[in-house]
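Subject: Structure handover

Hello,

Here is the structure I promised to pass on to you. Please have it open while you read the notes underneath.

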Amino acid sequence: MKDLSMFQRPRSVALEYEKPGTYGTVLIYPLDRLVECGFAGFISIDCGLPEGRDYTEKTTGINYISDANFIDSGVSKTVSNNEDKITHQQQFSYVRSFPNGMRNCYKISVKSANKYLIRASFLYGNYDGLNQLPQFGIHLGTNLWDTVKISNQSQSTYRELMHTPTLNYVHICLVNTGKGVPFISAIEFRNMDFNSVYQTSGATTLARLVGIDFGSLTNVTYRYIDDLHDRLWEPYSNDDWTQLNTIFSDDLENNDYELPKSVIKTAAAPKNAEGVLNFYFDALNETATHQLCYFYLHFAEVQKLAPNETREFNITLNGNSFSDLFHPPNTMYTIYSDSPDHVFIKNNNISLVQTKASTLPPIINAIEIYQVKDFSQLETQTDDVDAITNIKKVYRVTQNWQGDPCAPVAYMWEGLNCNFNGTPRIISL
């Protein structure tokens, strides 16, 4: 579960504003700075926004469009709490709710074989006036993405996937599991095909567990335009850590991962005499006891070291060696997984341990963790999908024919019979 209260709006126009919730402030930039940056690879959909409408979100400069052309079902609603409208960004003012049908699906055109970061966002905001917090499923195509459990009507949440589609479209489906009416606030796609980063040994779908900015002095969650790829960098602190930053941020050279300078220029270091920094995290609770994750640890030295000073440390994951005798350079450097590492569901630990030869404690600037998703449920054969979709259009079928026609079997289109021996095929209507 991820908190989205960092996506909040100002109570008045200012360059920076405080937000209630966990993650501090969001920066607002003047329009002349916003127009310098393009939106290549950005798809930003405001779910429930009336058809034909669009707008530029003032805190990010990102343009959002209505979802009306991407889905045939659901009803548009607005969050009923005016305070939620004030404190959140504009894409959280509307929702699309799905009181009818077990599965309701968006169909969104994409570039096949292109790597995307997909973000689905939710703010209940008591849009239905019932004060009943729902729980429901979200699927990507034929596979379960995650379970969305709303725990606070005024707190937004989001789910993120790194995904490489094999077709020129994807389905994002909201599934009623009998625990409340599904809804969604926004869907965003961001192009992650840059500089040949995030190589994942053939894994085509990963959940982004964390994007952490260590040592933040501002308590700001950074996204576009600080991050040109619109990744979210959430500030994280610990009473056992010291926050470090450099005034020489212009001297810090970035690497191929293109992190925001505001993230690179800060770091965390342990206060303890042993020189050990521990970071704990949980994985998504999938079916297996162990999960597979890719790790991207981002480092840059933020202090001017004297000739007699040395910073050297070892890195372990759950007690196993991840990297040894590491010296953070003055430029940004990323230590990453060549292949996925096994992790537990709960209480995983990344430790940075000062070596005996080091005079200074370890530091870390940022971390990303991606969990491999088992999206093994095959989609219906493409020719069959095209044929049945044409039938739907010609005969103007109004029943809930959405998403993949055959899979998963629990949501097969009404009136179809499918064969599941290998790739699902439609055998009769």
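Below is what turned up, grouped by region. Please keep in mind that this is a predicted model.

**Salt bridges**

I will start with the charged pairs, as you may want to look at those early. Across the whole structure, the search gives 16 salt bridges. Side chains of opposite charge can pair when their charged atoms come close.

One of them joins Asp-146 and Arg-159, with 3.0 Å between the closest N and O atoms. Asp-146 belongs to strand S11 (residues 143-149) and Arg-159 to strand S12 (residues 157-163), 13 residues apart, and the pair links distant parts of the chain. Are the two partners buried or exposed? Asp-146 counts as buried because its relative accessibility is 18%, and the cut-off for buried is under 20%. Arg-159 is buried too, with a relative accessible area of 6%.

Another pair is Arg-223 with Glu-188, where the closest N and O atoms are 3.3 Å apart. Arg-223 sits in the loop between strand S16 (205-214) and strand S17 (234-236), while Glu-188 is in strand S15, so this salt bridge ties together parts that are 35 residues apart in sequence. Both Arg-223 and Glu-188 are buried. The two also take part in a network of salt bridges, whose other members are Arg-119, Glu-160, Arg-190, Arg-208, Asp-230 and Glu-368.

A further salt bridge is formed by the side chains of Arg-425 and Asp-384, at 2.7 Å from N to O. Since Arg-425 lies in strand S29 and Asp-384 in helix H4, the pair ties together parts that are 41 residues apart in sequence. The partners differ in cover: Arg-425 is partly exposed at 39% relative accessibility, whereas Asp-384 is buried at 11%.

**Around strand S15**

Glu-188 brings us to S15 itself, which spans residues 186-191 and is mostly covered, with five of its six residues buried. Which strands does S15 pair with? Strand S3 (residues 43-46) pairs with S15 in the antiparallel sense over four bridges, and strand S9 (residues 116-122) does so, also antiparallel, over six bridges. Ile-187 is a handy residue to click on here: Ile-45 stands opposite Ile-187, and so does Ala-120.

**The three-stranded sheet**

Next is an open sheet of three strands in the order S6-S7-S14, with antiparallel pairing. Its edge strands are S6 (75-78) and S14 (183-184), each of which pairs on one side only. S7 and S14 are joined by two bridges, and Arg-96 stands opposite Ile-184 in S14. Ser-97, in strand S7 (residues 94-97), is buried, with a relative accessible area of 4%. The C-alpha atoms of Ser-97 and Ser-185 are 9.0 Å apart, although 88 residues separate the two in sequence.

**The four-stranded sheet**

There is also an open sheet of four strands, ordered S20-S26-S22-S23, again with antiparallel pairing. S20 (276-281) and S23 (320-326) are the edge strands, each pairing on one side only. From one strand to the next, the twist averages 15°.

Within this sheet, S22 (residues 313-317) pairs with S23 over four bridges and with S26 (residues 348-354) over five. Phe-313 has Phe-326 as its bridge partner in S23, Leu-317 has Asn-320, and Asn-314 is matched with Val-353 in S26. Four of the five residues of S22 are buried. S22 and S23 form a hairpin with two residues between the strands, and Asn-318 takes a positive phi near 50° there.

**A buried lysine and a nonpolar patch**

Two last spots to look at. Lys-373 is in the loop between strand S27 (366-372) and helix H4 (382-394), and Lys-373 is buried, with a relative accessible area of 9%. What lies 2.8 Å from a polar atom of the Lys-373 side chain? The backbone oxygen of Trp-145 does.

At the surface, Ile-391, Val-394, Tyr-395 and Leu-429 make a nonpolar patch of about 450 Å². Leu-429 comes in the segment after strand S29 (425-428) and is exposed, with a relative accessible area of 61%.

Happy to talk any of this over.

Best wishes

Notes:
Residues numbered from 1 in each chain as written. Predicted model: local features only at pLDDT ≥ 70, side-chain atom pairs only at ≥ 80, totals over all residues. Heavy atoms only, no water. Patch = residues over 30% accessible without salt bridge, like charges linked within 9 Å, V, L, I, M, F, W, Y side chains within 5 Å. Areas by Shrake-Rupley, 256 points an atom, 1.4 Å probe, with all protein chains shown as cover. Salt bridge = Lys/Arg side-chain N within 4 Å of Asp/Glu carboxyl O. Buried < 20%, exposed > 50% of the residue type's maximum accessible area, 1.4 Å probe, protein only. Pairing = 2+ DSSP bridges. Axes fitted to C-alpha atoms, helices over the stretch in contact; angles between N-to-C directions. Polar contact = N/O pair within 3.5 Å; in protein donor to acceptor, adjacent residues only side chain to side chain.
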